[in-house]
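Student: Could you take me on a close look at one part of this model, the place where protein and DNA meet?

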Protein chains: 2
Amino acid sequence: MEDEVDRLLEAWRRERPDLDVTPMEVLSRVSRLARHLDRARSQAFETHGLESWEFDVLAALRRAGSPYQLSPGKLLKETLVTSGTMTNRVDRLTARGLVERLPDPGDRRGVLVQLTDAGRDAVDAAMADLLTHERQLLAAISGRDQARIAHLLRELVRPFDLEKH
Amino acid sequence: MEDEVDRLLEAWRRERPDLDVTPMEVLSRVSRLARHLDRARSQAFETHGLESWEFDVLAALRRAGSPYQLSPGKLLKETLVTSGTMTNRVDRLTARGLVERLPDPGDRRGVLVQLTDAGRDAVDAAMADLLTHERQLLAAISGRDQARIAHLLRELVRPFDLEKH
DNA sequence: AGGATTTATCTTGACGTCGAGATACTTTAG
DNA sequence: CTAAAGTATCTCGACGTCAAGATAAATCCT
């Protein structure tokens with residue numbers, strides 16, 4: 001059965017028969033699937049009144065474990081955004097009562113961002129919902145194939161993980 | 001060998017042992033790989049003085065085949081952006097001399113965006129370079145595995161392709 | 001200890017995108 | 001033939017991000 005990428009590549013092969021476009025069989029599908037996943041994620045979070053970027057921050061704090069505190073610096077490493085963006089995000093999450101800023105007791109330059117009870121409840125509910133939706137998306141392929149694809153994707157991602165010391 | 005996603009999931013399993021996070025073994029890696037690919041793409045295009053969004057528009061026109069014309073409406077369906085964004089993109093590409101706007105002979109509401117010779121040269125060179133880089137990224141897995149992963153990704157993307165009429 | 005460097009966070013301005021609305025033209029229905 | 005509905009594109013204001021720079025505090029080195 002055909003998909004959009006098959007049509008895309010058919011057009012390229014017609015227009016540029018000199019090029020070997022097979023790499024796009026994999027990588028265009030990765031990009032497109034990721035775009036669709038973003039939309040699906042946004043929808044799943046809408047139910048819980050969360051934006052994707054809000055979930056990203058709250059989830060990083062939730063994963064850190066009790067007492068759910070991280071510095072803005074750690075948060076921006078986890079979420080791959082810049083410092084200006086993180087300041088802005090923490091501002092807005094604070095305004096919504098989902099996190100609070102505490103002075104870092106050990107470093108007066110520093111700040112700790114901590115999940116509030118409301119923040120923890122929100123991220124826990126959203127996470128459960130997200131996984132339910134993701135499970136449905138993956139139902140298109142068998143559990144064995146899911147394990148295979150996970151393994152191959154790990155190989156493809158590894159070089160990038162290594163880059164950042 | 002471990003990757004960032006393994007560490008991520010380990011944290012979630014510690015904090016939320018009640019949740020089955022295996023869907024993220026696949027889908028988190030898809031999202032992360034897509035993010036890395038975006039960066040790699042930007043770098044590949046930098047050599048040719050193109051931004052990613054510029055390539056997206058030029059490539060859609062190039063794929064359409066001679067005379068390399070598409071309406072803004074078709075372009076925004078191809079590139080998945082909104083109409084305001086496409087107007088802005090075409091404005092800037094016109095200013096750079098990579099495309100030009102022509103009146104649609106068959107519909108006086110309409111406009112046709114056409115690749116200039118410079119635009120065609122730019123997109124052809126960038127495309128060749130992009131594929132070279134992508135081939136290197138995929139060298140981490142065998143050709144047989146590339147075909148396998150392409151097939152599985154097609155299965156995962158299909159439901160989304162069907163959505164839009 | 002004292003000065004230089006590094007680290008942590010915040011501030012600011014530019015940029016690209018979105019989405020709602022405006023405008024102009026075309027198609028359909030009566 | 002005209003009015004209403006539909007379609008194609010552009011305009012504009014709000015938003016989130018980035019990147020460079022500013023500020024403040026900690027650490028390193030002699």
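Tutor: Happy to! Helices here are DSSP runs of at least four residues, numbered from the N terminus, and a residue is near a strand if one of its heavy atoms lies within 4 Å of it. Keep in mind that this is a predicted model. With those terms in hand, let's turn to DNA strand D. It is surrounded by 21 residues, and the closest are Arg89(A), Gly73(B), Ser83(B), Arg101(B) and Arg109(B). Of the strand's atoms that come within 4 Å of the protein, 67% belong to sugar and phosphate.

Both chains take part through their helices: helix H5 (83-95) of chain A, helix H4 (72-79) of chain B and helix H5 (83-95) of chain B each give at least two residues to the surface near DNA strand D. The largest share, five residues, is that of H5(A). By class, this surface has four nonpolar, ten polar and seven charged residues.

Now for some individual atom pairs. On chain A, Thr85(A) places a polar side-chain atom 3.1 Å from a phosphate oxygen of DNA strand D. Arg92(A) has a side-chain N or O atom 3.2 Å from a sugar or linking oxygen of DNA strand D. On chain B, Ser83(B) meets a base instead: an N or O atom in the side chain of Ser83(B) is 2.7 Å from a base nitrogen of DNA strand D. So you have examples of a phosphate, a sugar or linking oxygen and a base to inspect in your viewer.

Conventions:
Residues numbered from 1 in each chain as written. Chains lettered and ligands numbered in written order. Predicted model: local features only at pLDDT ≥ 70, side-chain atom pairs only at ≥ 80, totals over all residues. Heavy atoms only, no water. Polar contact = N/O pair within 3.5 Å; in protein donor to acceptor, adjacent residues only side chain to side chain. Nonpolar A, V, L, I, M, F, W, Y, C, P; charged D, E, K, R; others polar.
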